[in-house]
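Work through the exercises below with the sequence and the model open. Each task is followed by its solution.

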Amino acid sequence: MKAEKKEINAIVLDVLMKGHPDDPRPPFKREPIVQAMGLEQFKLLELVPKPTVRIELHEKVYIGDAEREKIERVKRRIGYDELTHTAKGELPFIIEKVIKDREPDFVTFFNKAISITPKLHMLHLLPGIGKKLMWEILEERNKRPFTNFADISARIKSIPHPEKMIHARILEELQDKDVKYHVFTTK
């Protein structure tokens, strides 16, 4: 399970230069909003851009503690339900890109996943993995650690696309507020 940390970088999901349409304040009092997803823990965030900068969809922006080039401040953390339709549409593509970029981290998950309770293993939390498949993964990783997604697919025939399992789990964790275990995201 993930430890809560601050996000350093985020990817832009939507840019609302006239503020959020659900904001009850009059339009002239609304501030521009950027909806984004953090790259480390997949946190959904609402950011306030600096007044004169131009921000594009899918752009990576720095939101750490040092001087920020394009973002004035992190306004708040938001839930999946608070995303705009555009942001919800872009989210699966962004998650897919982050999984590709961070492949070694997710392969490490397959290599180091442990039991959560006596009856539940971290691998069970991935869609499509039951007891039999979990034992097959554990046996293969004991022979030698997995090196990449292609290695997992080659050695475990029942998992042709491990990245899609991870993608589905991340989306589930973001969409469902009642998910008990967060493997890739934080509450």
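**Exercise 1.** State the volume of the second largest pocket and describe its lining.

Solution. The second largest pocket holds about 190 Å³ of space. Its lining comprises twelve residues, of which Asp105, Thr108, Phe109, Met122 and Phe184 are the closest to the centre. Sorted by class, the lining has seven nonpolar, one polar and four charged residues. A pocket here is an open set of points on a 1 Å grid over the protein atoms alone, where a 1.4 Å probe fits, with protein on both sides within 12 Å along at least five of seven lines; lining residues have an atom within 4 Å of a point. The volume is the space filled by probe spheres set on the points, which are joined across faces, edges and corners. Ala, Val, Leu, Ile, Met, Phe, Trp, Tyr, Cys and Pro count as nonpolar, Asp, Glu, Lys and Arg as charged, and the others, Gly among them, as polar.

The model is predicted: local features need pLDDT of at least 70, side-chain atom pairs count only at pLDDT 80 or more, and totals for chains, interfaces and linings use all residues. Residues are numbered from 1 along each chain as its sequence is written, and side-chain values use heavy atoms, with hydrogens and water left out.

**Exercise 2.** Do the same for the largest pocket, and name the helix that gives the most to its lining.

Solution. The volume of the largest pocket is about 280 Å³. Among its 18 lining residues, Arg77, Gly79, Glu173, Leu174 and Lys177 are the closest to the centre. Helix H5 (residues 162-175) gives the most, with three residues; helices are DSSP runs of H or I, at least four residues, numbered from the N terminus. The classes are five nonpolar, five polar and eight charged.

How values were computed: Helix = DSSP H or I, 4+ residues; strand = E, 2+ residues; numbered from the N terminus.
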